[in-house]
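Hello,

Here is the structure I promised to pass on to you. Please have a look at it first, and then read on for what turned up in it.

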Amino acid sequence: MTSVLYLDGHAGIAGDMFAAALLDLGLDEGALRRDVDALALPGVTIRTEMVLKRGIACRRFHVEHGEQDAHRHLPEILAILARAPLAPRTRDRATSVFRKLAEAEGQVHGTSAEEVHFHEVGAVDAIVDIVAAANLLGQLDPGEVVVSPLRTGFGYVN
């Protein structure tokens, strides 16, 4: 029988929420910490804590760091992933996520994936969130991941 990870995305999900939810399943936080440390990002640590949200106990996942340069291009992020001694599945999954994000950003801005200038996605907390998700998905190893329809917003940018 194939195991299925189902994500109810009716209100979206953030990387820190995803990591916290997977840790709440009892996955190995020590293995996750080793991968975050392996990124060798100066001053970066993770912290988890149990909190109550609207009367429901859940875990929070925090990425802590000092002042960081949040602007990176895809090659810089891929270099961070390449030099870190991560499990191949973790590295491949995180690399794939960043490549897909860069391709989407490139399409929107009419440029190549390599020339995309990541802002928030290039920030340390986003890099750690994506590596955390890749690590934890590798630990869980679901046969399939199913996501409910995502609510898409609309709006205008000036």
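Let me start with one residue: Arg93 has a relative accessible area of 32%, so Arg93 counts as partly exposed. You will find Arg93 in helix α4. Leaving aside residues up to four places away in sequence, Arg93 touches Ala134, Leu137 and Gly138. Arg93 and Ala133 are 40 residues apart in sequence, yet their C-alpha atoms are 8.9 Å apart in space. Please keep in mind throughout that this is a predicted model.

Next, the interior. The largest nonpolar core has 40 residues, and those that touch the most other members are Leu32, Leu39, Leu41, Phe61, Leu81, Phe98 and Val128. At least two core residues come from each of β1 (4-7), α1 (15-24), α2 (29-38), β3 (56-64), α3 (74-83), α4 (88-109) and α5 (124-140). Which of these elements gives the most to the core? That is α5, with ten residues. For a closer view, try Leu32: beyond residues up to four places away in sequence, Leu32 touches Leu23, Ile46, Phe61, Ala132, Asn135, Leu136 and Gln139.

Helix α1 is worth a look too. Its buried residues include Phe18, Ala19, Ala20, Leu22 and Leu23. The buried residues of α1 pack against β1, α2, β2, β3 and α5. After α1 comes Gly26, with a positive phi near 95°.

Now to the strands. In a regular strand the side chains alternate between the two faces of the sheet. In β1, Leu5 and Leu7 lie on the covered face, while Val4 and Tyr6 lie on the uncovered one. β1 pairs with strand β6 (residues 144-147) in the parallel sense, over four bridges. In that pairing, Val4 stands opposite Glu144 of β6.

β2 and β3 also pair, but in the antiparallel sense and over nine bridges. One of the facing pairs is Leu52 with its bridge partner Ala57 in β3. This hairpin has two residues between the strands, and Arg54 takes a positive phi near 50° there. Is Arg54, in the loop between β2 and β3, buried or exposed? Its relative accessible area is 87%, which is over the 50% cut-off, so Arg54 is exposed. The C-alpha atom of Arg54 is separated by 26 Å from that of Ala126, a residue 72 places away along the chain.

Strand β3 also holds His62. With a relative accessibility of 14%, His62 is under the 20% cut-off and therefore counts as buried. The side chains of His62 and Glu49 are joined by a polar contact of 2.7 Å. Besides Glu49, His62 touches Thr45, Ile46 and Arg47, again not counting residues up to four places away in sequence.

Last, the pockets. The largest pocket holds about 730 Å³ of space. Its lining has 21 residues, and Gly12, Ile13, Met17, Ala21 and Cys58 are the closest to its centre. The elements that give two or more residues to this lining are β1, α1, β2 (45-53) and β3.

Do write back with any questions once you have had a look around.

Best wishes

Note on methods. Residues numbered from 1 in each chain as written. Predicted model: local features only at pLDDT ≥ 70, side-chain atom pairs only at ≥ 80, totals over all residues. Heavy atoms only, no water. Core = buried A, V, L, I, M, F, W, Y, C linked by side-chain atoms within 4.5 Å. Buried < 20%, exposed > 50% of the residue type's maximum accessible area, 1.4 Å probe, protein only. Contact = heavy atoms within 4.5 Å. Polar contact = N/O pair within 3.5 Å; in protein donor to acceptor, adjacent residues only side chain to side chain. Pairing = 2+ DSSP bridges. 1 Å grid on protein atoms, 1.4 Å probe; cavity = no way out; pocket = protein on both sides within 12 Å on 5 of 7 lines; lining within 4 Å. Points joined across faces, edges and corners; volume = space filled by probe spheres on them.
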